[in-house]
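Colleague: Please take one strand of this model and go through it closely, together with the strands it pairs with and the places to which they lead.

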Amino acid sequence: MSFPPIDSYAFLSDTHTAALVAPDGTVEWFCVPHFEGDAVFARLLDRRVGGAFSLTVHGCPAPDRRYLPDTLVLRSEYDGPGGTAVGRDFLAVGPGDAAQPIRAGRVLVRQVTAERGAVRLAVRIAPRSGYGARATGWTQVDGQWHASGIPLRVVTDLPLVADGAALTGEVELPAGRTVTILLDYGDGDGAGPAPDPAGLLDETCRTWRDWSGRSDYVGFAADAVRRSALVLRGLSFDETGALLAAATAALPEEIGGVRNWDYRYTWHRDAALLLLALFRLGHAEEGRRYLHFLLDICATQADPIAPLVGIHGHTTPERELPHLSGYAASRPVRIGNEAADQVQFDTYGHILDAALVYQQLTGDLTGDQWRLLRGHVDTMARRWREPDHGTWEIRGPRRHYVNSKVMTWVCLDRGIRLADLLDDRDAAVDAWRRARDDLHAEVLERGYDHTVGSFVLAYDSTDLDASLLRIPLVGFLPADDPRMLATIDRIRQRLAIGPALIRRYQADDGLPGEEGAFLLCSFELVSALVLTGDRESARQLFDQLSAYAGPLGFYPEQLAADGTALGNYPQAFSHLALIEAALNLDAAGDRDALHAWAERTRRVPAGRPGTPPG
């Protein structure tokens, strides 16, 4: 049985968990009791044993689908020989309070209305626990169905029967008739009345639209930016503000390959991009919540800081699930992520960069928060000469990765700036400045290979690395520095696999096979070109990348040369970099791009090539 394209799935979220809906209307991914929980519907990773929740209108092809404007409510129109039906699928949300504007209703709602003629609807609900390892049973109490061993109850006006491990039912719907199925995952003991379906739909639409309406951005690519912001909000955990890298686990970076990782975690490298996006788009409260989550995690971790954490602040050991065949036979299927045990010094740069952005925008850093951050800067002033595992989490020996050195420079640079902003006379600023300047000089000497004509992946390497497109974006060098211009050219020449599609690297990373183009890097190429002043090329690349969006406007982690979606989905990295690229293009529309960037971020001063900012 074939698998739908990864980017053809619809994404539903209530900010506590997520569901993916296949083009035929089947829910094929759903984790309880939260994003990182057991995927009780995991057909996405195995057509045979993965649980699923199918909804079929007989005689109708796959429905036409779109989202209701400014919401994560999916509308599906089924057009068959006997009639037309409209489905609405969503995870219910409602208004919260000032600290948590969106409250998860913890119920998946599936609703079908016959609008013309008559249609025949069939439903099958078959969850399996242990990521598909175990079937469940059902019991009926007071007209509600309860799954055995899984905190799920089903409430519906559709007559259902228990058929082994599945609930099934069929009904003929005349014009004007609506059937609603509520799958409640938040009421473990089954107590409490069923919520009102009509009220849930209205409240969910109103809540998403109220949130989206807080942004006044009407600039370049406004529709794509708003859609990306919705994705990011849908991937943000309601209890802590933590941002998941993606909603899924084990979707392959190469079809049939072994590069299948769990991305239901928070990577600190998203931090500064997320804060800038949230504040720039009018979502300051979410920005504050995320920064507080980030700093709370830092306060509980020993040196070195783990590069990723779970939504509750901890991670689970990586393990394989041999009972699952994987998406399109891509094995092994992994959950948990071993990268949490790596040493990635770039993490410190991302955290300090986010803290500087936050302080510049709000002035709200507390003394305790600054003392914590100051300790991280002291750490990097001591350890910057050490190798690490690098931002791409290559599972091999530690090396002197150039991106890690650049981001360590960012940590030191932002620490110096924060000490000045906070008028901290006790910080070891002189030591930080010496370390920063020595590191800058070393990167220019050892990180740039004159034979290759580019900054390279690691010291003593000739491999290219697309993460180095961020060098001008973080202010390490101006974008018009000859070395940076050459690096951009080499990356475009040697890491491109298709129009606007850029790989991360081509170095031997110890794994068989190869991955596709990394969309974060592809959008960052747009931003780098804006800073060079080449807005025309940047706009052309952005338009090409826009054409690669999935049918519902979402992006995966990667794309193959032919446009096939790869990796986990929807990917926060991709949508964050899209927002950054669009904002840069928007800022460059009326004035010099370098000065526009410096003015907007207040962290990249102009200077002669090779001069460390600060």
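Modeller: In this predicted model, Val154 stands opposite Leu183 in β16. The two strands concerned, β13 (residues 153-156) and β16, pair in the antiparallel sense over four bridges, where pairing asks for at least two DSSP bridges between strands and a strand is a DSSP run of E of at least two residues, numbered, like the helices (H or I, at least four), from the N terminus. Residues are numbered from 1 along each chain as its sequence is written, and side-chain values use heavy atoms, without hydrogens or water. Local features need pLDDT of at least 70 and side-chain atom pairs 80 or more, whereas totals for chains, interfaces and linings use all residues.

Strand β16 covers residues 178-184, and six of its seven residues are buried, that is, under 20% relative accessible area with a 1.4 Å probe on protein chains only (exposed is over 50%, partly exposed in between). β16 also runs antiparallel to β9, to which seven bridges join it, and Leu182 in β16 has Val109 opposite it.

From β9 (102-126) one can go on to the second largest pocket, since β9 and β5 (52-57) each supply at least two residues of its lining. That pocket has a volume of about 240 Å³, and of its 13 lining residues Arg48, Gly50, Ala52, Arg124 and Ala126 lie nearest the centre. A pocket here is an open set of points on a 1 Å grid over the protein atoms alone, where a 1.4 Å probe fits, with protein on both sides within 12 Å along at least five of seven lines, and lining residues have an atom within 4 Å of a point; its volume is the space filled by probe spheres set on the points, which are joined across faces, edges and corners. The lining divides into four nonpolar, four polar and five charged residues.

The largest pocket, by contrast, has a volume of about 280 Å³, and the closest to its centre among its 14 lining residues are Tyr67, Pro69, Asp70, Asp223 and Arg227. Helix α3 (residues 222-234) gives the most to this lining, with four residues, and by class the lining has eight nonpolar, two polar and four charged residues. In both counts Ala, Val, Leu, Ile, Met, Phe, Trp, Tyr, Cys and Pro are nonpolar, Asp, Glu, Lys and Arg are charged, and the others, including Gly, are polar.
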